[in-house]
Amino acid sequence: ETPTGWAIWINHGNGLRSGYFHLAEIVVPVGYHVTAGMPIGAVGDNPSDTDGRHLHFELSPVDRYAPMDPAPFLIP
């Protein structure tokens with residue numbers, strides 16, 4: 001757990017990883033292979049703020065923290 005709640009990074013095997021933050025719980029163990037549509041956690045909030053329940057999503061290279069616009073990678 002971090003000061004902003006539970007977090008998960010998923011390595012997509014193509015040099016990119018997606019991050020899911022402010023989770024209330026995580027339902028998959030570290031190293032578990034996940035597939036599209038599989039639950040990975042429950043949406044929570046940022047315990048150090050009062051911004052309510054929400055999911056913070058990021059896309060970043062695996063080798064460094066450098067968030068990028070995920071729109072070009074999302075399926076319409």
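**H22**

I started with H22, which sits in strand β2. This is a predicted model, so I kept in mind that local features need pLDDT of at least 70. H22 has a positive phi of about 70 degrees, although it is not a glycine. Is H22 buried or exposed? I looked it up: H22 is buried, with a relative accessible area of 8%.

**The strand around H22**

Next I checked β2 as a whole. Strand β2 covers residues 16-26. I found eight of its 11 residues buried, so β2 is largely enclosed by the rest of the structure.

Then I went through the pairing partners of β2. Which way do β1 and β2 run relative to one another? They pair in the antiparallel sense, over six bridges, with β1 spanning residues 6-11. I picked out two positions on this pairing: W6 is opposite L23 of β2, and I10 is opposite S18 of β2.

The pairing of β2 with β4 is antiparallel too, and I noted six bridges there. Y20 has F57 in β4 as its bridge partner.

With β3, I found an antiparallel pairing over three bridges; β3 is residues 41-43. I26 stands opposite G41 there.

A reminder to myself while reading strands: in a regular strand, side chains alternate between the two faces of the sheet.

**The β1-β2 hairpin**

I looked at the link between β1 and β2. The hairpin has four residues between the strands, and G13 takes a positive phi near 75 degrees in it.

**E58**

I moved on to β4, residues 56-61, where E58 lies. What does E58 have for a charge partner? I found no salt bridge for E58, although it is buried; R17 is the nearest side chain of opposite charge, at 7.0 Å. A salt bridge needs the nitrogen within 4 Å of a carboxyl oxygen, so I left R17 off the list of partners for E58.

What I did find is a polar contact between the side chains of E58 and Y65, at 2.9 Å. I also listed what touches E58, leaving out neighbours within four places in sequence: W9, R17, S18, G19, F21, Y65 and P67. So R17 is in contact with E58, but the charges do not make a salt bridge.

**S60**

S60 is in β4 as well. Its relative accessibility is 0%, so I put S60 down as buried. A polar atom of the S60 side chain lies 3.1 Å from the backbone oxygen of R64. Beyond four places in sequence, I found S60 in contact with W9, G15, L16, R17, Y65, A66 and P67. W9, R17, Y65 and P67 appear in the contacts of E58 and in those of S60.

**A66**

From the S60 list I followed A66, which is placed in the segment after β4. I got a relative accessible area of 26% for A66, so it is partly exposed. Not counting residues up to four places away in sequence, A66 touches L59, S60 and P61.

**The salt bridge**

How many salt bridges does the whole structure have? My search turned up one. R64 and D63 form a salt bridge, with their closest N and O atoms 2.8 Å apart. I checked how open the two residues are: D63 is exposed, at 63% relative accessible area, and R64 is partly exposed, at 47%. R64 also came up earlier, through its backbone oxygen and S60.

**The whole chain**

Last, I stepped back to the overall fold. I counted zero helices and four strands. From the N terminus on, the order of elements is β-β-β-β. The radius of gyration is 13 Å, close to the 11 Å from the globule rule for 76 residues, so the protein is as compact as a globular protein of that length. Along the principal axes, the C-alpha atoms fill a box of roughly 35 × 25 × 25 Å.

I wrote down two totals as well. Of the 76 residues, 25% are buried. Among contacts with a separation of 6 or more, 40% join residues 24 or more positions apart.

Terms used. Residues are numbered from 1 along each chain as its sequence is written. This is a predicted model: local features need pLDDT of at least 70, side-chain atom pairs count only at pLDDT 80 or more; totals for chains, interfaces and linings use all residues. Side-chain values use heavy atoms; hydrogens and water are left out. Two strands pair if DSSP finds at least two bridges between them. Buried means under 20% relative accessible area, exposed over 50%, partly exposed in between (1.4 Å probe, protein chains only). Lys and Arg count as positive and Asp and Glu as negative; His and the chain ends are not counted. A polar contact is a pair of N or O atoms within 3.5 Å; within protein, one must be able to donate a hydrogen and the other to accept it, and residues adjacent in sequence count only if both atoms are side-chain atoms. Contact means heavy atoms within 4.5 Å. The radius of gyration is taken over C-alpha atoms; the globule rule is 2.2 Å times the number of residues to the power 0.38.
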